[in-house]
Amino acid sequence: MQTQQAGMSLRWLLTASFINNVAYGFIWPLTSIYLHDQLYQTLVVIGWVMMANAIGQAVGSLVSGRLFDRFEPRKLMQFGTLMMIVINLLFIFFHGWPSYAVILTLAGFFGGWNTATINSYGTYVRSHDGRFVFNMLYFISNFGMVFATAAVGPIYNFGITWLFWLALVMYLVLMAIVQFTFKINVARTQQTEQKQTLRLPKWNVRLIYTGVIGLGVLWISYSQWQGNLSIYMSSILKLPVWQYSMLWTINGILIAIIQLGMNALNLSANRKSMFIQIYAGLIMFGLAFMILPFAKTFTGFAIAMVVTTIGEATAFPMIPALVNELSPIELKGRYQGMTAAAPSVGRAVGPLIGGAVIEQSGYGTMFYGGAGVVFIAFIGVAVMIMIGYRHATQYE
């Protein structure tokens, strides 16, 4: 049995993260196609369904993060996994309209629940530096989602029910892993008493919220790639759909190369490297939006995707790592829940904001506006870190 002193096994945590993301990846990637082609819903309705799913993820992450600091973590993970098992059983028998949309929202809630719980467990890994842990968690979760996304296309041709059966099997495996390997004894009574008098230093609070807001801004911009850019490429520029899909293949391969390279060079162990990665990531996201107005062929979009992916692979895992350093053990779940919720909030509002700008002023304004917002976020994050980090308390 693992103990609090021994910490959480990184190997089993990464295995659980991979399985969780593969299982969830069997559920949502083809949602838009299924709603449009099989349930005959309009694009507007599909947009609202996807937003409900993203909001569900955000709320689930926040709730799970809060509860992680109060209750036995393994029971939270068991409950979230059990609910995903029930949800997939419901999907198998009730995947018409509107039941599919309602169940998908519940799936978002408990998908966010599980993600935040796994990230919070990452703060209990004692065998490796926290920055290394969150680098690996980001890499393995992305790899799991890419693996699932590549598999769902061929499987979907045999019927969407098969995807739900596969997800069900994966969650059953995840339940077994949680049951036998997520055994960490945490003195919750003592921690609850400490939290009643615990007051996080003001610069810690400011830096944590700065990082979370910065992450949300990045995801607002990143969500344009997942929605509005696909329409721009296929409908406006008349580029074939396979070229848009190829961009995500480039994204997945490049993330793997960057993450494995950084871990092989042990870059994540250096605190200054963490700040450089956050700054560089924000700058790269802004530069990518400066490239997009001039991209008219696949080559231009591929260059912009490479720049975006460099920013994604460097900044995304380091913000949860920064939050981990700035939060005490009694409050890690709460703040990791916030970092897990930020991407969902970005995915929820990003397409709507981008779509509104495009309708009013066109794609060019959206591209330049996106670059401007990201650069403003970069200035805010950089200034806050440079001024406040030396005044903050580091807990790792």
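**Salt bridges in a helical chain**

By the distance rule used here, in which a side-chain nitrogen of Lys or Arg must lie within 4 Å of a carboxyl oxygen of Asp or Glu, the count comes to four salt bridges. Keep in mind as you look around that this is a predicted model. Let us start with the chain as a whole and then come back to these pairs.

What kinds of secondary structure does the protein chain have? Turn the model around and you can find 15 helices, with zero strands. The radius of gyration is 20 Å, close to the 21 Å that the globule rule gives for 396 residues, so the chain is as compact as a globular protein of that length. Along its principal axes, the C-alpha trace spans about 60 × 50 × 35 Å.

Now think about inside and outside. Buried residues make up 56% of the 396 residues. The accessible surface comes to about 16800 Å², and carbon and sulfur atoms hold 70% of that surface. Contacts tell us about the fold too: among those with a separation of 6 or more, 86% join residues that are 24 or more positions apart.

Next, the charges. The protein chain carries 21 positive and 10 negative side chains, and the centres of these two sets lie 4 Å apart. Side chains of opposite charge can pair when their charged atoms come close. With that in mind, we can return to the salt bridges.

One of them joins Lys75 and Glu72, with a distance of 3.9 Å from N to O. Is Lys75 buried or exposed? Lys75 is exposed, because its relative accessible area is 54% and the cut-off for exposed is over 50%. Its partner Glu72 is partly exposed, at 33%. This pair also has company: Glu72, Arg74 and Lys75 are linked in a network of salt bridges.

Arg131 gives us another place to look. This residue forms a salt bridge with Asp129, where the closest N and O atoms are 3.3 Å apart. Asp129 is partly exposed, with a relative accessible area of 27%, whereas Arg131 is buried, with a value of 5%.

Which other residue forms a salt bridge with Arg131? The partner is Glu325, and here the closest N and O atoms are 2.0 Å apart. Glu325 lies in helix α13 (residues 298-326) and Arg131 in helix α6 (residues 130-156), so the pair ties together parts that are 194 residues apart in sequence. Both Glu325 and Arg131 are buried.

Technical notes: Residues are numbered from 1 along each chain as its sequence is written. This is a predicted model: local features need pLDDT of at least 70, side-chain atom pairs count only at pLDDT 80 or more; totals for chains, interfaces and linings use all residues. Side-chain values use heavy atoms; hydrogens and water are left out. Helices (H or I, at least four residues) and strands (E, at least two) are DSSP runs, numbered from the N terminus. The radius of gyration is taken over C-alpha atoms; the globule rule is 2.2 Å times the number of residues to the power 0.38. Buried means under 20% relative accessible area, exposed over 50%, partly exposed in between (1.4 Å probe, protein chains only). Contact means heavy atoms within 4.5 Å. Accessible areas come from the Shrake-Rupley method with a 1.4 Å probe; for residues, only the protein chains shown count as cover. Lys and Arg count as positive and Asp and Glu as negative; His and the chain ends are not counted. The place of a charge is taken as NZ of Lys, CZ of Arg, CG of Asp or CD of Glu.
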